Amino acid sequence: RYAYIVNSTRGNLQIFDVSIPSAPRSIKTISAGSTAYSVFILDRFAYVVNAGANVLNIFDISNPLLPVSVSNTSTGASSYPTSVVVQGRYAYITLFSTSKMLVVDISNPASPSTVATVNVASGPIGVSVSGRYAYVVSQTAALLEVFDVSVPAVPKRTAGTSLGTTPYKPIIAGRYVYVPNFGSDTLQ
């Protein structure tokens, strides 16, 4: 019954009660630091990447009226994290400025630890994970790359395909990856 939205301009995480879809209401706003860029919700945690502070923030949202900051972990100086996705005990984070994907063990949310850093194409803007594969979209390179993450500590690039100008965050549904492209106003 809740929606979680990051506001990069204001640097916060907003929680809305959407139990009545025609009348959503804001119930809590908490600071997520400057330039909160992406949020992923899993179980009782909200994972927020903050491009301004170069961190992964983890919030306990088991009580949406009283979210609690559990930890914040550096993604690297000037890394500019743009997307976070969680699968199992790992968070996958794209780093726009350094053209990397981080794999972070979040099994202990109070003490996350980076288990892998892999080079990706220039300007990664989004990541999605399904099964044993991570799909990374790079804006500057206009490329979709596929990584085998069956061994999260050793991601391996398996494929790549050109996307055209200015692709954005990928969405996976079934056996397809959908990529909006706001440079050409298309969906691939």
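## Strands, Hairpins, Ring Pairs and a Pocket

In strand β13, Y133 is the bridge partner of S130. This pairing belongs to a predicted model, and it offers a convenient place to begin. Strands of a sheet pair through backbone hydrogen bonds, and the pairing may be parallel or antiparallel. Here β12 and β13 run antiparallel and are joined by six bridges. The two strands form a hairpin with two residues between them. Within that turn, G131 has a positive phi of about 60°.

From β13 the path continues into a further hairpin. Four residues lie between β13 and β14, and A142 in this turn has a positive phi of about 50°. Six bridges join β13 to β14, which comprises residues 143-148, and these strands run antiparallel. One position to locate in the model is Y135, which stands opposite V146 in β14. How much of strand β13 is buried? Five of its six residues, which span 133-138, are buried, and the strand is mostly covered.

The next strand to consider is β15. Six bridges connect β14 with β15 in the antiparallel sense. Across this pairing, E145 has G160 of β15 as its bridge partner. Taken together, these strands make an open sheet of four strands in the order β12-β13-β14-β15, with antiparallel pairing. Its edge strands are β12 and β15 (156-162), each of which pairs on one side only. Neighbouring strands of this sheet are turned against each other by 20° on average, direction ignored. As a general point for viewing such a sheet, side chains in a regular strand alternate between the two faces of the sheet.

Attention may now turn to another part of the chain. An open sheet of four strands is found there with the order β4-β5-β6-β7 and antiparallel pairing. Why is one side of β4 and of β7 left without a neighbour in the sheet? Both strands stand at the edges and each has a single partner strand, so one side of each remains unpaired in the sheet. On average, neighbouring strands of this sheet are turned by 20° against each other, direction ignored. At one end of the strand order, β6 (residues 55-60) and β7 (68-74) run antiparallel and are joined by six bridges. Within this pairing, L56 stands opposite T73 in β7.

Strand β4 also takes part in contacts between aromatic rings. A search of the whole structure finds five aromatic pairs. One of them is formed by Y37 and Y80, which meet edge-to-face, with 5.9 Å from centre to centre and 65° between the planes. Y37 lies in β4, whereas Y80 lies in the loop between β7 and β8, so this pair ties together parts that are 43 residues apart in sequence. The ring of Y80 also pairs with that of F96: their centres are 6.3 Å apart and their planes stand at 65°, so this pair is edge-to-face. F96 lies in the loop between β9 (90-95) and β10 (100-105), so its pair with Y80 ties together parts that are 16 residues apart in sequence. Through these ring pairs, Y37, Y80 and F96 are linked into a cluster.

Are the residues of this cluster buried, exposed or partly exposed? Y37 is partly exposed, with a relative accessible area of 23%. Y80 is partly exposed as well, at 30%, and F96 is partly exposed at 26%. Because burial requires a relative accessible area under 20%, none of the values for Y37, Y80 and F96 qualifies as buried.

The last feature is a pocket. Rolling a probe the size of a water molecule over the atoms shows where empty space is left. The largest pocket has a volume of about 170 Å³. Its lining consists of 13 residues, and F40, V84, V85, V127 and S128 lie nearest its centre. Which strands each supply at least two residues of this lining? They are β4 (36-42), β8 (81-87) and β12 (124-130). The largest share, four residues, comes from β4. By type, the lining divides into nine nonpolar residues, three polar residues and one charged residue.

The pocket thus brings the reader back to strands already met. β4, an edge strand of the sheet β4-β5-β6-β7, and β12, an edge strand of the sheet β12-β13-β14-β15, both contribute to the lining of the largest pocket.

Notes: Residues numbered from 1 in each chain as written. Predicted model: local features only at pLDDT ≥ 70, side-chain atom pairs only at ≥ 80, totals over all residues. Heavy atoms only, no water. 1 Å grid on protein atoms, 1.4 Å probe; cavity = no way out; pocket = protein on both sides within 12 Å on 5 of 7 lines; lining within 4 Å. Points joined across faces, edges and corners; volume = space filled by probe spheres on them. Nonpolar A, V, L, I, M, F, W, Y, C, P; charged D, E, K, R; others polar. Pairing = 2+ DSSP bridges. Axes fitted to C-alpha atoms, helices over the stretch in contact; angles between N-to-C directions. Buried < 20%, exposed > 50% of the residue type's maximum accessible area, 1.4 Å probe, protein only. Phe/Tyr/Trp six-rings, centres within 6.5 Å; stacked < 30°, edge-to-face > 60°.
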